[in-house]
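Open the model in your viewer and keep the selection tool at hand. The stops below go from one side-chain pair to the next.

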Amino acid sequence: MTYWEMLAVLAAGIGAGTINTIVGSGTLITFPVLLATGLPPVTATVSNALGLIPGSISGAIGYRAELTGQRDRVLRLAVAAAVGGVCGAVLLTVLPPTAFETIVPVLVALALVLVVLQPRITRAVQARRERDGTDGAPRHGGPVLFAGMLLASVYGGYFTAAQGIIYLSLMGTLIDDTLQRLNAAKNVLAAIVNSVAALFFVFAFVFAAEFDWTAVALIAVGSTIGGQLGARVGRRLPPRVLRALIVVIGSAAILQLVTR
């Protein structure tokens, strides 16, 4: 890499770390930049996954106050995140790079619809439970959320772009809690998916020479900085503003995925 390319990758890492902590889709910043430096798609994918781990951890630390009382929930969903992340990483070794190109924009679009309609869906579900005399929503989302998070994590281990948006849409629909607290849990789960996928790539001999360690280091430093920036900004956003930001970034993600 030239010095200018290194600066571009570092800046992309900061941007990705910031956006991942607030919403998700940071990969849509770093991945094109890595490709522009001349890295092959698989090298860019695995280097990006490893480099974003410190950023996810940084963002989770920044949201530590919102994680209070969520230990059981995060531990349950962490199982889905870990298993799904490994499965997604395995798929990357056996499927062509274009395998998810058609389905990913559809998944992100559905996630955005759920994010927009989530308050209305929550009110309707609560009203129905009151009429039926049943208890509130399962504290941890129940088996439906576990299955959804498992599938979302498979995708996350494969590519990660807009993974956070899918997580937020699922948790927001199936868990009765504030968007900020769910965002905090999302950051932890994203860190788990990135970590298990990257570890698989490190230990899978077929990928032993695929990492660009300069890119990994630059994204790691940048995303760590961005994680702290994102936590400071994201924690101050009202739910309505945060939801609008998710829709804007998600729509940009869909556009980039479709036109790439």
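**Stop 1: an arginine and its partner**

Select arginine 235, which is partly exposed, with a relative accessible area of 38%. The model you are looking at is predicted. Now add glutamate 66 to the selection: the side chains of arginine 235 and glutamate 66 meet in a salt bridge, 3.1 Å from N to O. The two residues come from distant parts of the chain, 169 residues apart. Glutamate 66 sits in the loop between helix H4 (53–62) and helix H5 (71–94), while arginine 235 lies in the loop between helix H10 (213–234) and helix H11 (239–259).

Is glutamate 66 buried or exposed? Glutamate 66 has 14% relative accessibility and counts as buried, because the cut-off for buried is under 20%.

A search of the whole structure finds three salt bridges. The next stop takes in two that share a residue.

**Stop 2: two arginines around one aspartate**

Select aspartate 177 and arginine 73. They form a salt bridge in which the closest N and O atoms are 2.9 Å apart. This pair also links distant parts of the chain, with the two positions 104 residues apart. Aspartate 177 is found in the loop between helix H8 (163–174) and helix H9 (179–203), and arginine 73 is in helix H5. Colour by accessibility if your viewer allows it: aspartate 177 is partly exposed at 23%, whereas arginine 73, at 6%, counts as buried.

Keep aspartate 177 selected and add arginine 181. Here too there is a salt bridge, with the closest N and O atoms 3.0 Å apart. Arginine 181 is partly exposed, its relative accessible area being 21%. Which residues do the shared partners join into one network? They are Arg73, Asp177 and Arg181.

**Stop 3: a valine in helix H9**

Move to valine 188, which is placed in helix H9. Valine 188 counts as buried, at 17% relative accessibility. Show its neighbours, leaving out residues up to four places away in sequence: valine 188 touches Ala60, Leu67 and Val74.

To finish, draw a distance between the C-alpha atoms of valine 188 and alanine 81. How many Å separate them? The separation is 9.7 Å, for two residues that are 107 residues apart along the chain.

How values were computed
Residues are numbered from 1 along each chain as its sequence is written. This is a predicted model: local features need pLDDT of at least 70, side-chain atom pairs count only at pLDDT 80 or more; totals for chains, interfaces and linings use all residues. Side-chain values use heavy atoms; hydrogens and water are left out. A salt bridge is a side-chain nitrogen of Lys or Arg within 4 Å of a carboxyl oxygen of Asp or Glu. Helices (H or I, at least four residues) and strands (E, at least two) are DSSP runs, numbered from the N terminus. Buried means under 20% relative accessible area, exposed over 50%, partly exposed in between (1.4 Å probe, protein chains only). Contact means heavy atoms within 4.5 Å.
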